[in-house]
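Here are some exercises to work through with the model open beside you. Try each task before reading its solution.

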Amino acid sequence: MKIEPFNTENPVEKSLFSALCTRRFPHAVILEGASPDERMKLAKKIAAALVCTGAEVPCGVCPDCIKAAADSHADILIHSVEDKPRAFKVGMVRDIRSNAYIVPNEADRKVFILENSHTMGVEGQNAILKILEEPPSYVNFILLCSSKSGFLPTVLSRSAVYNLGQSSSSDDDSVPREKILEAAKSVALSLTSYSDYETVRAAAVFEKDAKLLREALPVIQEIFAAALRIKYNAAEETEFDDIPSELSQKLSRRSLLELIEAADTIMSSLKLNANHNLTVTTLCTRFRRAVV
Ligand SMILES: [Zn+2]
């Protein structure tokens, strides 16, 4: 991959570039948003600039830039995992930590790029925190994630966060709105049935799709809230068809409030990368308990 200069028309790149030029670049940066490819491309550009020995970083022609472009620079270490809960294992974080205490091979700096780092569980985040608190002077971490919301506040407080915005590529991996709506509506509707099995069946769609669950939960909660507003005679047009009104007829205010709260709890456990299948089970149990 060719290393291109920073695009200073773009506010995020401009700010990164000026931090690099002062040679006082933060030890840890989090790049959130955009697509995985866009995040990685920018991370590699930052890494090249950090090891570059040219005048205008990244110069693209010095030996360090050339190796960086070929993904063969010994001091740029890329760790990638899949975007699924707890994919970034605590053992990997510990290996990275030990490696970080070994001085660079050839450059002045050693750069770690951690893709999908938001998938670290609490233990992994605490392990990375230890080195973020007192990093060796030559180390830089670039943490990539779809959203910083998966990080503990302690990790965020040690990192400079850059939001890359929405993905500009057309083939991004976001879940289509219709699919989210369909899943959310079917779970909500299942709660008007007397059978627990209906909810288990409706939630089965989340079992192999953590992303769908993350996107659908706020929508499910919004359906409960719309049903509650109907109870208070504040009906409105929604994209949920007549499901809120059906819920408002069959469920009590108390049930609806409990459902809203249960959705909150489940969203928080998702942020901490709780075991996914267990979260789906908890969802069914908590939702059913709210409607009895
Ligand atoms: Zn260079």
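Two residues are in contact if their C-beta atoms, placed from the backbone, lie within 7 Å. Keep in mind throughout that this is a predicted model.

**Exercise 1. Getting an overview**

Task: Find what share of the contacts between residues at least 6 apart in sequence join residues at least 24 apart, and describe the protein as a whole.

Solution:
- Step 1. Start with the contacts: among those in the protein between residues at least 6 apart in sequence, 75% join residues at least 24 apart.
- Step 2. List the elements: the protein has 12 helices and 5 strands.
- Step 3. Take the dimensions: the C-alpha trace spans about 70 × 40 × 25 Å along its principal axes.
- Step 4. Turn to burial: 35% of the 292 residues count as buried.

**Exercise 2. Two domains**

Task: Say where the domains lie in the chain and how many residues each gives to the contact.

Solution:
- Step 1. The protein is divided into domain 1, residues 11–163, and domain 2, residues 177–291.
- Step 2. Taken over C-alpha atoms, the centres of domain 1 and domain 2 are separated by 37 Å.
- Step 3. Domain 1 gives 8 residues to the contact, and domain 2 gives 5 residues.
- Step 4. Sorted by class, the side of domain 1 that touches domain 2 has 2 nonpolar, 4 polar and 2 charged residues.

**Exercise 3. Building the sheet**

Task: Work out the strand order of the sheet, then follow the pairing from strand to strand.

Solution:
- Step 1. The 5 strands form an open sheet in the order β2-β3-β4-β1-β5, and the pairing is parallel.
- Step 2. At the edges stand β2 (76–79) and β5 (160–163); each has a single partner strand, so one side of each is left without a neighbour in the sheet.
- Step 3. From one strand to the next, the twist averages 15 degrees.
- Step 4. Begin at β2, which is joined to β3 (residues 110–114) by 4 bridges. Here isoleucine 76 has valine 111 in β3 as its bridge partner.
- Step 5. Move on to β3 and β4, which run parallel and are joined by 5 bridges. Look for leucine 114 opposite leucine 143 in β4.
- Step 6. Next, β1 pairs with β4 (residues 139–145) over 5 bridges, in the parallel sense. Alanine 28 has phenylalanine 141 in β4 as its bridge partner, and leucine 31 stands opposite leucine 144.
- Step 7. Finish with β1 and β5, a parallel pair with 4 bridges. In this pair, glutamate 32 is opposite asparagine 163.

**Exercise 4. Burial in β4 and β1**

Task: Which residues of β4 are buried on each of its faces?

Solution:
- Step 1. Recall the cut-off: a residue is buried if 20 or more other C-beta atoms lie within 10 Å of its own.
- Step 2. By this count, 7 of the 7 residues of β4 are buried.
- Step 3. Split them by face: in a regular strand the side chains alternate between the two faces of the sheet.
- Step 4. On one side of β4 are Val139, Phe141, Leu143 and Cys145, and on the other Asn140, Ile142 and Leu144.
- Step 5. Now try β1 (residues 28–32): 4 of its 5 residues are buried, so β1 is largely enclosed by the rest of the structure.

**Exercise 5. Two loop residues**

Task: Place histidine 27 and glycine 60 in the chain, and find what each touches.

Solution:
- Step 1. Histidine 27 is in the loop between α1 (11–21) and β1.
- Step 2. Histidine 27 counts as partly exposed because it has 18 C-beta neighbours inside 10 Å.
- Step 3. Leaving out residues up to four places away in sequence, histidine 27 touches Pro135, Val139, Asn140 and Phe141.
- Step 4. Although histidine 27 and phenylalanine 141 are 114 residues apart in sequence, their C-alpha atoms are 6.1 Å apart.
- Step 5. Glycine 60 belongs to the loop between α2 (36–51) and α3 (63–69).
- Step 6. With 17 other C-beta atoms within 10 Å, glycine 60 is also partly exposed.
- Step 7. Under the sequence limit of four places, glycine 60 touches Ile3 and Cys65.
- Step 8. Between glycine 60 and glutamate 4, 56 residues apart along the chain, the C-alpha separation is 7.1 Å.

**Exercise 6. One face of a helix**

Task: Where do the buried residues of α8 fall, seen down its axis?

Solution:
- Step 1. Thr199, Ala202 and Ala203 are buried in α8 (residues 196–203).
- Step 2. Seen down the axis of α8, its buried residues fall within an arc of 95 degrees, so they line one face of the helix.
- Step 3. Their cover includes α7 (177–190) and α12 (276–291).

Notes. Residues numbered from 1 in each chain as written. Predicted model: local features only at pLDDT ≥ 70, side-chain atom pairs only at ≥ 80, totals over all residues. Pairing = 2+ DSSP bridges. Axes fitted to C-alpha atoms, helices over the stretch in contact; angles between N-to-C directions. Buried ≥ 20, exposed ≤ 12 C-beta atoms within 10 Å, placed from the backbone. Arc of directions from axis to C-beta. Domains from an automatic or database assignment. Nonpolar A, V, L, I, M, F, W, Y, C, P; charged D, E, K, R; others polar.
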